[in-house]
Amino acid sequence: MLGDELIVAHALARNYGRLSALRDASLTIRRGESWGLLGLNGAGKSTLMKILAGLLAPDQGTVEICGRAIGENRRACQARLGYLPETPPLYLEFSVDDYLASCARIRGCERRRIASLVDRAKQRCHLTEVGKRRIGLLSKGYQQRVGIAQALVHEPEVLILDEPTAGLDPQQIDEVRQLINELRKDCALLISSHVLQEITRISSHVAVLHLGEFRHQGPSEEAPSLEVRLGASLDEAQCTLLGNLDGVIGLTQNAQRLRLSCQDPATLAPRVAAFVVQQGWPLLELQRAQSDLERLFFELTGVVRT
């Protein structure tokens, strides 16, 4: 529905001298969608995100945020979006509480709501216990979470996040994944990342940007998988045994190669290896299967894998 189109970019172009950073780039993101933005360094990702956030004017094209043209209503549009650049815009001498409160005031939040908004943002980003601490004394992981908190403290309908999991440990990354899945119920999200596997876990859709042009836009891929190569094909009963192994979502067999869909290939791999050896099946190879998104990305960007 038109009313659910929270980000609409049409035919964007941006040049830096002779360098063309964006060419005829169009993108629509609806409420409830989280789009992963993929591309090599220099593909134009940061330029696109700055234009969508109203921080950079395009040479050509238009952007609408929540139905309003950002070129004519920049302040009003920015009040309804949250932006996390690759380097979080932190004031290191501020405490977390003071910094988030100042961000809420800048976004035009009502004074009486600021304390509750700050508490809500800290809770979502697991920052409650460090609210009184100076940002400059926090670890890089905590500073990254403060950067995410400033992007959502005013509870925007649009979130633009450039490398939101950079510098986080595995537990913190999982927390950010859960937060993004929670936020996208009522928001439109655009998330940039260099990690393809991360994009598939936090995005409902994927856009591949290469040399300033979109080469692909569409739904994200299916669950990750393991590829198993055996010395002989399995019969139906044997496939059923392997498919019933805890952690396996689905199984397909092509001659002596099997593909096991799963949520966590790293955890499942040793269990599969032990099970195959226990059954006496000749195991020749076991590895994480290259995803459809990985193949697509390397094909579109012309990268040759070694």
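This section describes the predicted model of a protein chain, from its overall make-up to its sheets, helices and selected residues.

The protein chain has 306 residues, of which 49% are buried. Its secondary structure comprises 10 helices and 14 strands. The C-alpha trace extends over about 70 × 45 × 35 Å along its principal axes. Among contacts in the chain with a separation of 6 or more, 69% are between residues 24 or more positions apart.

One open sheet contains 4 strands in the order β2-β1-β4-β5, and its pairing is antiparallel. The strands at its edges are β2 (19–30) and β5 (68–69), each of which pairs on one side only. Strands β1 and β2 run antiparallel and are joined by 8 bridges. Within this pairing, R14 has L22 in β2 as its bridge partner. The two strands β1 and β2 make a hairpin with 2 residues between them, and the turn includes G17, which has a positive phi of about 65 degrees. At the other end of the strand order, β4 (residues 60–65) is joined to β5 by 2 bridges, again in an antiparallel arrangement. Here I65 is placed opposite R68 in β5. Helix α1 (residues 45–52) lies across β1 (5–16), β2 and β4, and its direction is at about 125 degrees to β1.

A further open sheet, also of 4 strands with antiparallel pairing, has the order β12-β13-β11-β14. Its edges are formed by β12 and β14 (283–288); each has a single partner strand, so one side of each lacks a neighbour in the sheet. On average, neighbouring strands of this sheet are turned by 20 degrees against each other, direction ignored. Strand β11 (residues 225–230) and strand β13 (residues 257–262) run antiparallel and are connected by 5 bridges. In this pair, S225 stands opposite S261 in β13. Helix α8 packs on the sheet through β12 and β13, and its direction makes about 150 degrees with that of β12. Helix α9 (residues 265–279) lies across β11, β12, β13 and β14, at about 25 degrees to β11.

The loop between α8 (236–243) and β12 (248–254) contains D246. This residue, D246, is classed as exposed because its relative accessibility is 61%, over the 50% limit. Apart from neighbours within four places in sequence, D246 contacts L268 and R271. The C-alpha atom of D246 is 9.5 Å from that of V272, which is 26 residues away along the chain.

Helix α6 (residues 170–183) has 14 residues, which at 1.5 Å a residue should span 20 Å; its end C-alpha atoms are 20 Å apart, in agreement with that expectation. The N-terminal end of α6 is capped by D169, a side-chain oxygen of which lies 3.1 Å from the backbone nitrogen of Q171. The buried residues in α6 are Q172, I173, E175, V176, R177, L179, I180 and L183. Elements covering these buried residues include the helices α4 (111–124), α5 (140–152) and α7 (196–202), together with the strands β7 (158–162) and β8 (188–192).

Strand β9 (residues 205–210) includes H210. With a relative accessibility of 10%, under the 20% limit, H210 counts as buried. When residues up to four places away in sequence are not counted, H210 touches L40, A43, R215, L300 and T301.

The structure has 0 disulfides. C109 takes part in no disulfide, and the nearest cysteine sulfur, that of C103, is 9.9 Å away. This distance rules out a disulfide for C109 because the two sulfur atoms would have to be within 2.5 Å. At a relative accessibility of 16%, C109 counts as buried. C125 is likewise in no disulfide; the nearest cysteine sulfur to that of C125 belongs to C103, at 12 Å. C125 is also buried, with a relative accessible area of 5%.

Terms used:
Residues numbered from 1 in each chain as written. Predicted model: local features only at pLDDT ≥ 70, side-chain atom pairs only at ≥ 80, totals over all residues. Heavy atoms only, no water. Buried < 20%, exposed > 50% of the residue type's maximum accessible area, 1.4 Å probe, protein only. Contact = heavy atoms within 4.5 Å. Expected span 1.5 Å × (residues − 1). Polar contact = N/O pair within 3.5 Å; in protein donor to acceptor, adjacent residues only side chain to side chain. Pairing = 2+ DSSP bridges. Axes fitted to C-alpha atoms, helices over the stretch in contact; angles between N-to-C directions.
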